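Visitor: I would like a close look at a single part of this structure. Please take me through the surroundings of the ligand and what lies beyond them.

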Amino acid sequence: MSMMTGKEYRESLRKLKPEVYFMGEKITDVVEEPMFAPHINTAAMTYELAHDPLHQEVTTATSHLTGNKINRFTHIHQSIDDLVKKIRMMRVLGQKTGTCFQRCVGYDALNALYAITYDMDAKLGTEYHERFKKFLTYIQENDLMSAGAMTDARGDRSLRPHQQANPDLYLHISERTDKGIVVNGAKAHITGAINSHEIIALPTRALGEEDRDFAVALAVPVDEPGIKLVFARQTNDMRRLDGTLDTGNPKYGSIGGEALIIFKDVFVPWERVFMAGEYQFAAPLVELFAGHHRSNYGGCKVGAADVVAGSSHWLADAHGIANASHIIDKLTEIVAMAETCWACSLACAYEGHKTPSGAYNINPLLANVTKLNITRMVYEWMRVAQDIAGGKIITLPSEEDLKHPEMGDLIAGFFAGKANVDVHQILKMLRLVENMSVGAGLPEAMHGAGSPAAQKIMIARRGAFDKKRELAETITGIRRDEAFERIVGTTEEDYLRSQQEKIKAEEVRICRRIIK
Ligand code: SF4
Ligand code: FE
(Lines give C-alpha, C1' and ligand atoms only; values in the text may rest on other atoms or scores of the structure.)
(Ligands and ions follow the chains in the order given, each with its own letter.)
Protein backbone atom coordinates (compact mmCIF):
# COMPACT_ATOMS: atom_id res chain seq x y z
CA MET A 1 0.00 0.00 0.00
CA SER A 2 1.25 3.50 -0.79
CA MET A 3 1.42 6.40 1.61
CA MET A 4 -2.01 7.65 2.66
CA THR A 5 -3.19 11.19 1.98
CA GLY A 6 -4.78 13.18 4.79
CA LYS A 7 -8.22 12.31 3.47
CA GLU A 8 -7.37 8.61 3.23
CA TYR A 9 -6.13 8.70 6.82
CA ARG A 10 -9.46 10.10 7.98
CA GLU A 11 -11.28 7.43 6.00
CA SER A 12 -9.01 4.71 7.41
CA LEU A 13 -10.19 5.61 10.92
CA ARG A 14 -13.77 4.79 9.94
CA LYS A 15 -12.79 1.14 9.56
CA LEU A 16 -11.77 0.98 13.24
CA LYS A 17 -14.20 0.51 16.09
CA PRO A 18 -12.38 1.70 19.23
CA GLU A 19 -14.21 1.83 22.55
CA VAL A 20 -14.03 5.57 23.32
CA TYR A 21 -15.66 7.55 26.13
CA PHE A 22 -16.04 11.31 26.52
CA MET A 23 -18.13 13.36 28.95
CA GLY A 24 -19.85 10.25 30.26
CA GLU A 25 -20.84 8.95 26.85
CA LYS A 26 -19.62 6.22 24.57
CA ILE A 27 -18.55 7.74 21.27
CA THR A 28 -19.57 5.51 18.41
CA ASP A 29 -18.05 7.41 15.49
CA VAL A 30 -14.66 8.95 16.21
CA VAL A 31 -14.40 10.66 12.82
CA GLU A 32 -17.79 12.37 13.05
CA GLU A 33 -17.43 13.47 16.68
CA PRO A 34 -16.98 17.29 16.56
CA MET A 35 -14.88 17.32 19.71
CA PHE A 36 -12.29 15.08 18.06
CA ALA A 37 -12.36 16.64 14.59
CA PRO A 38 -9.57 19.23 15.11
CA HIS A 39 -7.17 16.55 16.41
CA ILE A 40 -7.92 14.29 13.49
CA ASN A 41 -7.39 17.17 11.06
CA THR A 42 -4.03 17.93 12.65
CA ALA A 43 -2.84 14.32 12.54
CA ALA A 44 -4.08 14.19 8.93
CA MET A 45 -1.57 16.92 8.09
CA THR A 46 1.26 14.44 8.85
CA TYR A 47 -0.16 12.36 5.99
CA GLU A 48 -1.01 15.20 3.66
CA LEU A 49 2.43 16.83 3.69
CA ALA A 50 3.99 13.54 2.58
CA HIS A 51 2.32 14.26 -0.78
CA ASP A 52 3.33 17.90 -0.96
CA PRO A 53 6.27 18.32 -3.37
CA LEU A 54 7.43 21.32 -1.36
CA HIS A 55 7.93 19.26 1.78
CA GLN A 56 8.48 15.70 0.59
CA GLU A 57 12.20 15.83 1.14
CA VAL A 58 11.60 16.01 4.87
CA THR A 59 8.21 14.30 5.19
CA THR A 60 9.13 11.09 3.38
CA ALA A 61 12.00 8.63 3.61
CA THR A 62 13.18 5.38 2.06
CA SER A 63 12.55 2.32 4.21
CA HIS A 64 15.78 0.50 5.06
CA LEU A 65 13.68 -2.68 5.31
CA THR A 66 11.80 -2.64 1.99
CA GLY A 67 13.45 0.11 -0.05
CA ASN A 68 9.99 1.66 -0.50
CA LYS A 69 9.16 5.32 -0.14
CA ILE A 70 7.42 5.76 3.19
CA ASN A 71 6.01 8.49 5.40
CA ARG A 72 8.86 9.67 7.63
CA PHE A 73 6.73 9.10 10.72
CA THR A 74 7.22 5.35 10.19
CA HIS A 75 10.95 5.55 9.43
CA ILE A 76 13.92 4.37 11.50
CA HIS A 77 16.66 7.03 11.47
CA GLN A 78 19.53 5.77 9.31
CA SER A 79 21.77 8.82 9.50
CA ILE A 80 22.34 12.23 11.02
CA ASP A 81 20.54 13.59 7.98
CA ASP A 82 17.42 11.63 8.98
CA LEU A 83 17.56 13.12 12.48
CA VAL A 84 17.85 16.62 11.06
CA LYS A 85 15.02 16.07 8.57
CA LYS A 86 12.79 14.84 11.38
CA ILE A 87 13.24 18.12 13.24
CA ARG A 88 12.72 20.17 10.08
CA MET A 89 9.53 18.21 9.37
CA MET A 90 8.27 18.98 12.88
CA ARG A 91 8.81 22.69 12.50
CA VAL A 92 6.88 22.70 9.22
CA LEU A 93 4.00 20.78 10.80
CA GLY A 94 3.95 23.15 13.79
CA GLN A 95 3.79 26.06 11.32
CA LYS A 96 0.93 24.48 9.36
CA THR A 97 -1.25 23.58 12.36
CA GLY A 98 -0.12 25.76 15.29
CA THR A 99 -0.59 22.79 17.59
CA CYS A 100 0.48 19.23 18.43
CA PHE A 101 0.23 16.86 15.48
CA GLN A 102 0.51 13.81 17.75
CA ARG A 103 2.20 11.33 15.49
CA CYS A 104 5.73 11.82 16.85
CA VAL A 105 5.15 9.79 20.00
CA GLY A 106 4.57 6.57 18.09
CA TYR A 107 7.42 7.48 15.73
CA ASP A 108 9.78 7.79 18.69
CA ALA A 109 8.46 4.56 20.22
CA LEU A 110 9.26 2.74 16.96
CA ASN A 111 12.80 4.10 16.93
CA ALA A 112 13.40 3.31 20.61
CA LEU A 113 12.09 -0.24 20.28
CA TYR A 114 14.14 -0.86 17.14
CA ALA A 115 17.39 -0.12 18.97
CA ILE A 116 16.50 -1.70 22.31
CA THR A 117 15.15 -4.99 20.91
CA TYR A 118 18.50 -5.32 19.11
CA ASP A 119 20.42 -4.69 22.35
CA MET A 120 18.20 -7.10 24.30
CA ASP A 121 18.75 -9.89 21.80
CA ALA A 122 22.52 -9.29 21.79
CA LYS A 123 22.74 -9.44 25.60
CA LEU A 124 20.04 -11.96 26.51
CA GLY A 125 19.69 -14.13 23.39
CA THR A 126 16.01 -13.19 22.96
CA GLU A 127 14.39 -12.89 19.54
CA TYR A 128 12.61 -9.59 19.75
CA HIS A 129 14.39 -7.64 17.01
CA GLU A 130 13.31 -9.75 14.02
CA ARG A 131 9.80 -9.84 15.46
CA PHE A 132 9.83 -6.07 15.80
CA LYS A 133 11.11 -5.62 12.24
CA LYS A 134 8.10 -7.58 10.93
CA PHE A 135 5.75 -5.34 12.90
CA LEU A 136 7.61 -2.26 11.64
CA THR A 137 7.26 -3.42 8.04
CA TYR A 138 3.50 -3.77 8.61
CA ILE A 139 3.36 -0.21 10.00
CA GLN A 140 5.44 1.20 7.12
CA GLU A 141 3.61 -0.62 4.36
CA ASN A 142 0.18 0.38 5.70
CA ASP A 143 1.27 3.89 6.74
CA LEU A 144 -0.27 3.51 10.18
CA MET A 145 -0.31 6.02 13.02
CA SER A 146 0.82 4.61 16.36
CA ALA A 147 0.10 6.17 19.74
CA GLY A 148 3.21 5.92 21.89
CA ALA A 149 1.92 4.97 25.33
CA MET A 150 4.45 5.26 28.12
CA THR A 151 3.09 6.99 31.24
CA ASP A 152 1.42 4.65 33.74
CA ALA A 153 -1.12 5.85 36.31
CA ARG A 154 1.58 5.28 39.01
CA GLY A 155 -0.56 5.73 42.15
CA ASP A 156 1.69 6.25 45.17
CA ARG A 157 4.89 7.60 43.63
CA SER A 158 6.95 6.52 46.63
CA LEU A 159 6.21 2.85 45.89
CA ARG A 160 7.64 0.65 43.16
CA PRO A 161 5.16 -0.99 40.75
CA HIS A 162 5.00 -4.35 42.57
CA GLN A 163 4.41 -2.53 45.90
CA GLN A 164 1.27 -0.69 44.76
CA ALA A 165 -1.99 -1.69 46.42
CA ASN A 166 -3.55 -1.92 42.97
CA PRO A 167 -1.20 -3.63 40.46
CA ASP A 168 -3.16 -2.05 37.58
CA LEU A 169 -1.58 1.30 38.40
CA TYR A 170 1.22 0.07 36.14
CA LEU A 171 0.57 -1.90 32.96
CA HIS A 172 1.62 -5.48 33.63
CA ILE A 173 1.50 -9.05 32.42
CA SER A 174 -1.28 -10.98 34.16
CA GLU A 175 -0.89 -14.21 32.25
CA ARG A 176 1.51 -15.88 29.82
CA THR A 177 0.40 -18.60 27.39
CA ASP A 178 2.12 -20.28 24.45
CA LYS A 179 0.20 -17.91 22.16
CA GLY A 180 0.90 -14.64 23.92
CA ILE A 181 0.33 -12.57 27.05
CA VAL A 182 -2.64 -11.02 28.80
CA VAL A 183 -2.09 -7.50 30.17
CA ASN A 184 -3.95 -5.25 32.58
CA GLY A 185 -3.44 -1.68 33.67
CA ALA A 186 -3.56 1.69 31.97
CA LYS A 187 -1.52 4.36 30.22
CA ALA A 188 -2.41 7.95 30.99
CA HIS A 189 -2.28 11.28 29.08
CA ILE A 190 -1.63 9.52 25.76
CA THR A 191 -1.45 11.91 22.83
CA GLY A 192 -3.46 11.08 19.71
CA ALA A 193 -4.71 7.78 21.13
CA ILE A 194 -8.31 7.91 19.92
CA ASN A 195 -7.28 8.63 16.34
CA SER A 196 -4.35 6.23 16.03
CA HIS A 197 -4.47 2.85 14.36
CA GLU A 198 -2.15 1.17 16.83
CA ILE A 199 -1.06 1.60 20.43
CA ILE A 200 2.57 0.93 21.28
CA ALA A 201 2.98 0.52 25.05
CA LEU A 202 6.37 0.88 26.74
CA PRO A 203 7.44 0.76 30.41
CA THR A 204 7.45 4.10 32.15
CA ARG A 205 10.41 3.82 34.53
CA ALA A 206 13.46 1.84 35.61
CA LEU A 207 12.41 -1.54 37.01
CA GLY A 208 13.91 -4.11 39.36
CA GLU A 209 13.67 -7.89 39.34
CA GLU A 210 10.53 -7.87 41.50
CA ASP A 211 8.91 -5.64 38.87
CA ARG A 212 9.55 -8.20 36.13
CA ASP A 213 5.87 -8.44 35.12
CA PHE A 214 5.75 -4.67 34.63
CA ALA A 215 8.59 -4.79 32.10
CA VAL A 216 6.36 -5.07 29.07
CA ALA A 217 6.45 -3.51 25.61
CA LEU A 218 3.82 -4.39 23.05
CA ALA A 219 1.63 -3.24 20.18
CA VAL A 220 -2.15 -3.60 19.96
CA PRO A 221 -4.68 -2.29 17.45
CA VAL A 222 -6.60 0.59 18.99
CA ASP A 223 -9.86 -1.35 18.72
CA GLU A 224 -8.55 -4.55 20.31
CA PRO A 225 -11.14 -6.02 22.72
CA GLY A 226 -10.42 -4.83 26.26
CA ILE A 227 -8.91 -1.48 25.20
CA LYS A 228 -10.98 1.40 26.56
CA LEU A 229 -10.12 5.02 25.78
CA VAL A 230 -11.27 7.95 27.89
CA PHE A 231 -10.75 11.27 26.12
CA ALA A 232 -9.51 14.12 28.33
CA ARG A 233 -11.00 17.57 28.75
CA GLN A 234 -9.07 20.68 27.78
CA THR A 235 -9.34 24.34 28.63
CA ASN A 236 -12.21 25.87 26.65
CA ASP A 237 -12.84 22.57 24.89
CA MET A 238 -16.60 23.19 24.59
CA ARG A 239 -15.91 26.17 22.36
CA ARG A 240 -15.10 23.59 19.72
CA LEU A 241 -18.77 22.71 19.52
CA ASP A 242 -19.52 26.26 18.35
CA GLY A 243 -17.29 25.84 15.35
CA THR A 244 -16.93 29.61 15.40
CA LEU A 245 -13.98 31.93 15.60
CA ASP A 246 -14.34 31.78 19.39
CA THR A 247 -12.45 28.48 19.20
CA GLY A 248 -9.25 30.24 18.16
CA ASN A 249 -8.01 27.43 15.96
CA PRO A 250 -11.22 25.69 14.85
CA LYS A 251 -9.48 23.61 12.19
CA TYR A 252 -6.66 22.17 14.29
CA GLY A 253 -7.60 22.74 17.94
CA SER A 254 -5.08 22.91 20.73
CA ILE A 255 -2.63 20.28 21.98
CA GLY A 256 -2.77 16.67 21.11
CA GLY A 257 -6.10 15.25 22.26
CA GLU A 258 -4.91 13.14 25.16
CA ALA A 259 -6.66 10.04 26.48
CA LEU A 260 -6.48 7.50 29.27
CA ILE A 261 -6.00 4.04 27.78
CA ILE A 262 -7.32 1.23 29.97
CA PHE A 263 -6.15 -2.30 29.26
CA LYS A 264 -8.70 -4.79 30.62
CA ASP A 265 -7.56 -8.40 30.09
CA VAL A 266 -6.09 -7.54 26.70
CA PHE A 267 -4.59 -10.51 24.88
CA VAL A 268 -1.43 -9.74 22.89
CA PRO A 269 0.01 -12.45 20.62
CA TRP A 270 3.76 -13.04 20.93
CA GLU A 271 4.46 -11.53 17.50
CA ARG A 272 3.37 -8.17 18.99
CA VAL A 273 5.29 -8.47 22.26
CA PHE A 274 8.70 -6.74 22.30
CA MET A 275 9.58 -7.01 25.98
CA ALA A 276 8.12 -9.43 28.51
CA GLY A 277 10.02 -9.46 31.77
CA GLU A 278 13.45 -8.09 30.71
CA TYR A 279 13.39 -5.51 33.50
CA GLN A 280 17.06 -4.59 32.96
CA PHE A 281 16.13 -3.00 29.65
CA ALA A 282 13.22 -0.92 30.95
CA ALA A 283 15.46 2.02 31.94
CA PRO A 284 17.44 2.11 28.65
CA LEU A 285 14.17 1.94 26.70
CA VAL A 286 12.66 4.80 28.72
CA GLU A 287 15.80 6.88 28.32
CA LEU A 288 16.05 6.28 24.58
CA PHE A 289 12.40 7.03 23.94
CA ALA A 290 12.42 10.11 26.18
CA GLY A 291 15.57 11.42 24.50
CA HIS A 292 14.04 11.12 21.04
CA HIS A 293 10.83 12.78 22.15
CA ARG A 294 12.48 15.58 24.12
CA SER A 295 14.65 16.49 21.15
CA ASN A 296 11.45 17.15 19.14
CA TYR A 297 10.26 20.09 21.15
CA GLY A 298 12.54 22.65 19.55
CA GLY A 299 10.89 21.59 16.27
CA CYS A 300 7.14 21.36 16.88
CA LYS A 301 6.90 24.12 19.49
CA VAL A 302 9.09 26.44 17.45
CA GLY A 303 6.81 25.90 14.45
CA ALA A 304 3.94 26.99 16.69
CA ALA A 305 6.04 29.94 17.90
CA ASP A 306 6.39 31.03 14.26
CA VAL A 307 2.59 31.14 14.09
CA VAL A 308 2.26 33.14 17.30
CA ALA A 309 4.99 35.56 16.21
CA GLY A 310 3.11 36.00 12.92
CA SER A 311 -0.20 36.69 14.66
CA SER A 312 1.48 39.10 17.08
CA HIS A 313 3.02 41.05 14.20
CA TRP A 314 -0.30 41.03 12.34
CA LEU A 315 -2.18 42.37 15.36
CA ALA A 316 0.38 45.09 16.03
CA ASP A 317 0.09 46.13 12.40
CA ALA A 318 -3.73 46.07 12.48
CA HIS A 319 -3.64 48.41 15.48
CA GLY A 320 -1.11 50.77 13.91
CA ILE A 321 1.82 49.99 16.20
CA ALA A 322 3.93 47.61 14.09
CA ASN A 323 6.79 50.11 14.03
CA ALA A 324 6.67 51.06 17.70
CA SER A 325 10.05 50.32 19.23
CA HIS A 326 8.61 48.34 22.16
CA ILE A 327 6.68 46.11 19.74
CA ILE A 328 9.75 45.47 17.59
CA ASP A 329 11.66 44.66 20.77
CA LYS A 330 8.99 42.16 21.91
CA LEU A 331 8.71 40.48 18.52
CA THR A 332 12.48 40.19 18.42
CA GLU A 333 12.37 38.50 21.84
CA ILE A 334 9.92 35.88 20.58
CA VAL A 335 12.06 35.11 17.55
CA ALA A 336 15.31 34.97 19.52
CA MET A 337 13.85 32.58 22.10
CA ALA A 338 12.26 30.37 19.47
CA GLU A 339 15.43 30.19 17.38
CA THR A 340 17.43 29.31 20.50
CA CYS A 341 15.18 26.29 21.01
CA TRP A 342 15.42 25.48 17.30
CA ALA A 343 19.22 25.54 17.58
CA CYS A 344 18.94 23.13 20.53
CA SER A 345 16.90 20.61 18.55
CA LEU A 346 19.18 20.85 15.55
CA ALA A 347 22.17 20.31 17.82
CA CYS A 348 20.53 17.15 19.24
CA ALA A 349 20.41 15.81 15.70
CA TYR A 350 23.82 16.98 14.49
CA GLU A 351 25.45 15.56 17.63
CA GLY A 352 23.62 12.23 17.15
CA HIS A 353 25.28 8.84 16.84
CA LYS A 354 24.79 5.37 15.43
CA THR A 355 23.54 2.70 17.84
CA PRO A 356 24.60 -0.98 17.57
CA SER A 357 21.27 -1.68 15.79
CA GLY A 358 22.29 0.71 12.99
CA ALA A 359 19.55 3.19 13.95
CA TYR A 360 20.67 6.70 14.86
CA ASN A 361 20.05 8.30 18.22
CA ILE A 362 20.10 11.98 19.13
CA ASN A 363 22.49 13.40 21.74
CA PRO A 364 20.66 12.57 24.99
CA LEU A 365 22.14 15.38 27.10
CA LEU A 366 21.21 18.01 24.52
CA ALA A 367 17.73 16.47 24.15
CA ASN A 368 17.05 16.96 27.83
CA VAL A 369 18.45 20.49 27.76
CA THR A 370 16.20 21.22 24.75
CA LYS A 371 13.08 20.10 26.59
CA LEU A 372 14.06 21.89 29.79
CA ASN A 373 14.45 25.12 27.80
CA ILE A 374 11.02 24.53 26.26
CA THR A 375 9.41 24.21 29.71
CA ARG A 376 10.48 27.81 30.30
CA MET A 377 10.70 29.51 26.94
CA VAL A 378 7.26 28.58 25.63
CA TYR A 379 5.76 30.29 28.67
CA GLU A 380 8.00 33.27 28.04
CA TRP A 381 7.25 33.75 24.35
CA MET A 382 3.54 33.21 24.98
CA ARG A 383 3.75 35.83 27.76
CA VAL A 384 5.21 38.27 25.24
CA ALA A 385 2.48 37.36 22.72
CA GLN A 386 -0.17 38.08 25.37
CA ASP A 387 1.58 41.37 26.09
CA ILE A 388 1.43 42.44 22.44
CA ALA A 389 -2.19 41.29 22.01
CA GLY A 390 -3.34 43.34 25.00
CA GLY A 391 -6.29 42.75 27.31
CA LYS A 392 -8.57 42.12 24.34
CA ILE A 393 -7.57 38.45 24.21
CA ILE A 394 -9.38 37.66 27.42
CA THR A 395 -12.36 40.01 27.18
CA LEU A 396 -13.73 39.60 23.66
CA PRO A 397 -17.45 39.07 23.11
CA SER A 398 -18.52 35.92 21.29
CA GLU A 399 -18.98 35.64 17.57
CA GLU A 400 -22.70 35.17 18.22
CA ASP A 401 -22.84 38.69 19.66
CA LEU A 402 -21.12 40.02 16.60
CA LYS A 403 -23.72 38.34 14.43
CA HIS A 404 -26.61 39.86 16.39
CA PRO A 405 -28.86 41.71 13.89
CA GLU A 406 -29.08 44.91 15.92
CA MET A 407 -26.00 44.82 18.12
CA GLY A 408 -23.43 43.13 15.85
CA ASP A 409 -22.14 46.17 13.96
CA LEU A 410 -22.27 48.34 17.04
CA ILE A 411 -20.13 45.90 19.06
CA ALA A 412 -17.71 45.23 16.20
CA GLY A 413 -17.03 48.94 15.84
CA PHE A 414 -15.51 49.06 19.30
CA PHE A 415 -13.00 46.32 18.53
CA ALA A 416 -11.78 47.89 15.29
CA GLY A 417 -8.17 48.75 14.62
CA LYS A 418 -6.94 50.62 11.55
CA ALA A 419 -9.80 51.72 9.29
CA ASN A 420 -8.75 49.47 6.42
CA VAL A 421 -8.67 46.25 8.48
CA ASP A 422 -11.73 44.01 8.79
CA VAL A 423 -12.63 43.83 12.47
CA HIS A 424 -13.63 40.17 12.10
CA GLN A 425 -10.09 39.37 11.01
CA ILE A 426 -8.77 41.16 14.08
CA LEU A 427 -11.02 39.06 16.28
CA LYS A 428 -9.91 35.85 14.54
CA MET A 429 -6.29 36.70 15.14
CA LEU A 430 -6.90 37.61 18.78
CA ARG A 431 -8.70 34.32 19.35
CA LEU A 432 -5.76 32.45 17.80
CA VAL A 433 -3.37 34.12 20.25
CA GLU A 434 -5.76 33.31 23.09
CA ASN A 435 -5.95 29.68 21.99
CA MET A 436 -2.18 29.32 21.78
CA SER A 437 -1.07 31.41 24.74
CA VAL A 438 -3.78 30.88 27.34
CA GLY A 439 -4.89 27.33 26.53
CA ALA A 440 -3.67 23.86 27.37
CA GLY A 441 -0.56 24.20 25.21
CA LEU A 442 1.37 25.74 28.10
CA PRO A 443 1.18 22.85 30.58
CA GLU A 444 1.77 20.53 27.63
CA ALA A 445 5.07 22.31 27.03
CA MET A 446 5.83 21.76 30.70
CA HIS A 447 4.84 18.11 31.10
CA GLY A 448 4.77 16.61 27.61
CA ALA A 449 7.72 14.20 27.15
CA GLY A 450 8.25 14.33 30.91
CA SER A 451 8.27 17.03 33.57
CA PRO A 452 11.26 19.34 34.18
CA ALA A 453 12.40 17.17 37.10
CA ALA A 454 12.74 14.21 34.73
CA GLN A 455 14.93 16.26 32.42
CA LYS A 456 17.04 17.47 35.33
CA ILE A 457 17.64 13.90 36.50
CA MET A 458 18.97 13.03 33.04
CA ILE A 459 20.99 16.22 32.78
CA ALA A 460 22.54 15.60 36.22
CA ARG A 461 23.34 12.03 35.21
CA ARG A 462 24.93 13.10 31.95
CA GLY A 463 26.39 16.35 33.24
CA ALA A 464 29.87 14.74 33.35
CA PHE A 465 30.78 16.52 36.58
CA ASP A 466 33.89 14.31 36.98
CA LYS A 467 35.21 15.61 33.68
CA LYS A 468 34.31 19.16 34.59
CA ARG A 469 36.11 18.81 37.94
CA GLU A 470 39.18 17.61 36.04
CA LEU A 471 39.09 20.80 33.97
CA ALA A 472 39.12 22.96 37.08
CA GLU A 473 41.81 20.80 38.69
CA THR A 474 44.01 21.10 35.61
CA ILE A 475 43.73 24.87 35.45
CA THR A 476 44.46 25.27 39.17
CA GLY A 477 47.42 22.87 39.01
CA ILE A 478 45.82 20.27 41.30
CA ARG A 479 46.09 18.01 38.27
CA ARG A 480 49.09 17.97 35.93
CA ASP A 481 48.60 20.18 32.82
CA GLU A 482 50.71 18.40 30.22
CA ALA A 483 49.72 20.69 27.34
CA PHE A 484 50.84 23.70 29.37
CA GLU A 485 54.14 22.01 30.24
CA ARG A 486 54.78 21.44 26.54
CA ILE A 487 54.09 25.11 25.82
CA VAL A 488 56.51 26.42 28.47
CA GLY A 489 59.01 23.56 28.17
CA THR A 490 59.12 22.84 31.94
CA THR A 491 56.88 21.74 34.81
CA GLU A 492 54.08 24.01 35.94
CA GLU A 493 55.75 24.35 39.35
CA ASP A 494 59.13 25.39 37.88
CA TYR A 495 57.47 27.75 35.44
CA LEU A 496 55.47 29.54 38.15
CA ARG A 497 58.55 29.71 40.46
CA SER A 498 60.67 31.26 37.72
CA GLN A 499 57.88 33.67 36.88
CA GLN A 500 57.70 34.76 40.50
CA GLU A 501 61.45 35.27 40.64
CA LYS A 502 61.27 37.43 37.53
CA ILE A 503 58.44 39.48 39.02
CA LYS A 504 60.34 39.96 42.27
CA ALA A 505 63.40 41.11 40.36
CA GLU A 506 61.23 43.50 38.42
CA GLU A 507 59.65 44.83 41.64
CA VAL A 508 63.11 45.47 43.09
CA ARG A 509 64.13 47.31 39.92
CA ILE A 510 60.98 49.48 40.00
CA CYS A 511 61.38 50.24 43.72
CA ARG A 512 64.98 51.30 43.17
CA ARG A 513 63.91 53.62 40.36
CA ILE A 514 61.25 55.19 42.62
CA ILE A 515 63.72 55.70 45.50
CA LYS A 516 66.19 57.43 43.16
FE1 SF4 B 1 4.91 15.74 18.37
FE2 SF4 B 1 5.42 17.98 19.66
FE3 SF4 B 1 3.03 16.83 19.89
FE4 SF4 B 1 5.13 15.69 21.05
S5 SF4 B 1 4.26 17.73 21.54
S6 SF4 B 1 3.61 14.65 19.79
S7 SF4 B 1 6.76 16.18 19.58
S8 SF4 B 1 3.92 17.71 18.04
FE1 FE C 1 3.83 16.35 23.60
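Guide: In this predicted model, H8 supplies the largest share of the shell around ligand 1, namely five residues. The full set around ligand 1 is Cys100, Phe101, Gln102, Cys104, Val105, His293, Asn296, Tyr297, Cys300, Lys301 and Glu444. Two elements give two or more residues to this shell: helix H5 (104–124) and helix H8 (282–318). Sorted by class, the shell around ligand 1 has six nonpolar, three polar and two charged residues.

From the ligand, follow H8 to another helix. The axes of H8 and helix H9 (residues 325–350) come within 8 Å and cross at roughly 165 degrees. Angles over 145 degrees count as roughly antiparallel, so H8 is roughly antiparallel to H9. Their crossing is left-handed. On the H8 side, the residues that meet H9 include Asn296 and Tyr297, and both of these also belong to the residues around ligand 1. On the H9 side, the partners include Ile327, Leu331, Trp342 and Cys348. The contact of H8 with H9 has 12 nonpolar and seven polar residues, and no charged ones.

Gln102, also among the residues around ligand 1, leads elsewhere: Gln102 is in contact with Asn195. Asn195 sits in the loop between strand E7 (180–191) and strand E8 (198–201). Asn195 counts as buried because its relative accessibility is 0%, and the cut-off for buried is under 20%. Apart from neighbours within four places in sequence, the other contacts of Asn195 are Tyr9, Leu13, His39, Ile40, Ala43 and Met145.

How values were computed:
Residues numbered from 1 in each chain as written. Chains lettered and ligands numbered in written order. Predicted model: local features only at pLDDT ≥ 70, side-chain atom pairs only at ≥ 80, totals over all residues. Heavy atoms only, no water. Near = heavy atom within 4 Å. Helix = DSSP H or I, 4+ residues; strand = E, 2+ residues; numbered from the N terminus. Nonpolar A, V, L, I, M, F, W, Y, C, P; charged D, E, K, R; others polar. Axes fitted to C-alpha atoms, helices over the stretch in contact; angles between N-to-C directions. Parallel < 35°, antiparallel > 145°, perpendicular 65-115°, else oblique. Left-handed = near helix turned anticlockwise from the far one by under 90°. Contact = heavy atoms within 4.5 Å. Buried < 20%, exposed > 50% of the residue type's maximum accessible area, 1.4 Å probe, protein only.
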